[in-house]
Amino acid sequence: MGLQPLEFADCLTDSPFFRTKLLEHERELDCTSKFIKQLIHHGKDVYSAAKQFSKAQKLLAKDLMEFKFECIGNQLTDDEIFISKSLNEFGKFIEKIEDHRDILIKAAEDQFVKPLENFRKENIVAAKEEKKNFDKQTAKFCQSQERYLNMKTSKSNDSAMQEADTQVEFEKKAFYTASMKYVLKLQEVQEKKKFEFVEILLSYMLGWLTFYHQGYVDLEDFRSYDSTLRQLLQKTRESFECTKDEAQILMSKMLNENKGLKPLDQSGTLKGFTRQGYLYLMEKKALGTTAWTKYYCQYKKETKEFYLILYNQMGGKLNEPEKYTLEKCVRRASDTIERRFCFDVTLKEKSVPLTFQALSDEDRRQWLDAMDGKEPTYTVHNVRPEESMLDDIGFTFIRKSIAAIESRGLQEQGLYRVVGVSSKVNNLLKIALDPKKAEKLSYDDPSVWETKTITSAVKSYLRSLPEPLMTFRLHESFIRAA
């Protein structure tokens with residue numbers, strides 16, 4: 001069973017399955033690193049002590065034959081199979097000449113030790129440096145995302161929100177870049193292992209065979225194998241160079257196709273699911289407290305199957321998915337919860353709806369689209385009779401409010417969406433709808449009546465009317481016109 005391929009598209013979802021594949025590649029990288037160190041150590045033993053030559057050569061031959069040369073993919077080509085068996089073949093050739101003791105070793109350091117050390121330094125060590133950067137960006141992005149999603153809408157002004165939106169998108173872009181660079185480096189190491197690494201050992205083989213008087217017989221047999229292997233290595237090298245350029249172009253395209261700070265397109269990463277990604281689930285804790293737990297969620301629209309996987313990118317363990325059936329999905333009204341981007345999901349297996357927080361407003365919209373999400377039903381507040389009629393005072397309140405909003409609120413973000421403080425909204429309605437106080441009401445000072453307070457008051461007043469502005473009587477006429 002070979003290593004699972006790593007795709008750039010997997011970097012965008014950063015799913016638990018992608019992290020598991022990364023771990024397999026990292027284990028293989030550690031195995032290769034340890035193997036190279038072992039080769040260098042045994043090689044030095046061979047060159048430093050003629051008396052230990054036979055013993056060291058047998059150890060080296062054993063290492064080569066026992067090492068499992070992994071390639072990416074489940075179905076290997078004939079060329080990859082031939083290359084993957086090359087180390088085993090090298091070990092067999094060493095065993096054939098083990099009886100010959102006369103040694104003439106020249107330029108051992110330059111032909112064997114240094115090339116292996118350079119290969120490890122330039123490839124494996126470099127890959128581990130990319131991993132450090134990837135882990136650093138992962139922690140940085142996740143922590144930034146936690147801070148971003150923990151922002152309280154009631155305590156943060158619009159400029160702070162906008163700055164937070166910009167910052168989290170920058171962190172996301174840096175995280176995706178580090179992730180793709182790390183994947184690209186892992187791919188390079190695995191591919192270079194097929195030619196550079198094997199070429200070093202191939203040179204080692206040729207060198208030793210020429211130093212043996214009796215080795216000329218074995219060398220003739222080896223030349224045929226050497227010619228075939230070199231052709232395959234050159235072919236693999238050329239294929240790698242071509243694939244490397246294409247991979248660089250693909251990585252640049254995926255990182256730069258969306259200018260500005262728009263979310264990167266993840267449509268090519270679904271693989272059988274209508275929507276998938278990370279969501280935060282609100283969970284009740286002891287003493288009436290709540291906690292937001294991160295889950296990787298997957299949804300199939302055709303079967304309404306909804307999967308929850310408890311997972312966190314920072315060292316998380318892959319848990320078994322929890323499978324549920326979706327009944328309905330409703331966007332959470334902003335004035336009913338302190339956190340942004342929330343929506344409720346009702347599942348057949350759960351008695352109460354679950355509240356999830358998406359990663360952004362666009363992310364919530366896509367989840368709602370996938371789940372056929374509905375808008376929330378607003379309940380009518382208990383108000384005094386004089387506050388529920390669209391009379392002269394009500395008309396005056398609406399006109400003055402809209403005039404104030406249009407005069408100073410059109411440049412504000414989230415107009416009619418950002419919710420005002422309930423106590424201030426109720427106080428404004430109380431004054432504006434009181435015939436004795438309405439005339440003295442002024443919106444000139446934004447510090448007294450914020451724009452979000454005015455918009456929330458307008459919405460609250462219109463909701464409390466006994467019938468919609470379009471009226472029930474004209475409903476059918478409007479439907480026919482539409």
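Which residues of strand β6, on one side and on the other, are buried? Let me start there, and please keep in mind that this is a predicted model.

Strand β6 covers residues 354-357, and both of its faces are covered. On one side we have Leu-354 and Phe-356, on the other Thr-355 and Gln-357, and all of these are buried. As a reminder, in a regular strand the side chains alternate between the two faces of the sheet.

So who are the neighbours? Strand β5, residues 342-347, pairs with β6 in the antiparallel sense, over four bridges. Have a look at Phe-343: its bridge partner in β6 is Phe-356. The connection from β5 to β6 is a hairpin, made through six residues. Strand β1, residues 275-284, also pairs with β6, again in the antiparallel sense, over two bridges. Here Tyr-280 has Gln-357 as its bridge partner in β6.

Let's follow β1 to its other pairing. Ten bridges join β1 to β2, and the two run antiparallel. If you want a residue pair to find on the screen, try Gln-276, which stands opposite Gln-298 in β2. Strand β2 itself spans residues 290-300 and is mostly covered, with eight of its eleven residues buried.

From β2 we can move on to β3, residues 305-310. Those two strands run antiparallel as well, joined by six bridges, and Cys-297 stands opposite Leu-308 in β3. Which residue in the turn of the β2 and β3 hairpin has a positive phi? That would be Lys-304, at about 60 degrees, in a hairpin with four residues between the strands.

While we're in this region, two lysines deserve a glance. Lys-294 lies over the face of Tyr-278, 5.0 Å from the ring centre. Lys-300 does something similar with Phe-273: it lies over the face of that ring, at 5.2 Å from the centre.

Now for the helices and their aromatics. The structure holds 16 aromatic pairs, and I'd like to show you two of them. Why does the pair of Phe-134 and Tyr-182 count as stacked? The ring centres are 5.4 Å apart and the planes meet at 25 degrees, and stacking asks for planes under 30 degrees apart, so this pair qualifies. Phe-134 belongs to helix α6, residues 108-149, and Tyr-182 to helix α7, residues 158-210, so to speak a link between distant parts of the chain, 48 residues apart. Phe-134 counts as buried because its relative accessibility is 1%, and Tyr-182 counts as buried at 1% too.

The second pair is Phe-141 with Phe-175. Their centres are 5.1 Å apart and their planes at 10 degrees, so this pair is stacked as well. Once more the link is between distant parts of the chain, with Phe-141 in helix α6 and Phe-175 in helix α7, 34 residues apart. Phe-141 and Phe-175 are both buried. These two pairs come together in one aromatic cluster: Phe-134, Phe-141, Phe-175, Tyr-176 and Tyr-182.

Finally, let's step out to the surface. Leu-390, Phe-395, Leu-462 and Leu-469 form a nonpolar patch there, and together they have about 320 Å² of accessible area. Leu-462 sits in helix α12, residues 451-463. Is Leu-462 buried or partly exposed? Its relative accessible area is 31%, so Leu-462 is partly exposed.

That's my tour, and I'm happy to take questions.

Notes
Residues numbered from 1 in each chain as written. Predicted model: local features only at pLDDT ≥ 70, side-chain atom pairs only at ≥ 80, totals over all residues. Heavy atoms only, no water. Phe/Tyr/Trp six-rings, centres within 6.5 Å; stacked < 30°, edge-to-face > 60°. Buried < 20%, exposed > 50% of the residue type's maximum accessible area, 1.4 Å probe, protein only. Lys NZ or Arg CZ within 6 Å of the ring centre and 35° of its normal. Patch = residues over 30% accessible without salt bridge, like charges linked within 9 Å, V, L, I, M, F, W, Y side chains within 5 Å. Areas by Shrake-Rupley, 256 points an atom, 1.4 Å probe, with all protein chains shown as cover. Salt bridge = Lys/Arg side-chain N within 4 Å of Asp/Glu carboxyl O. Pairing = 2+ DSSP bridges.
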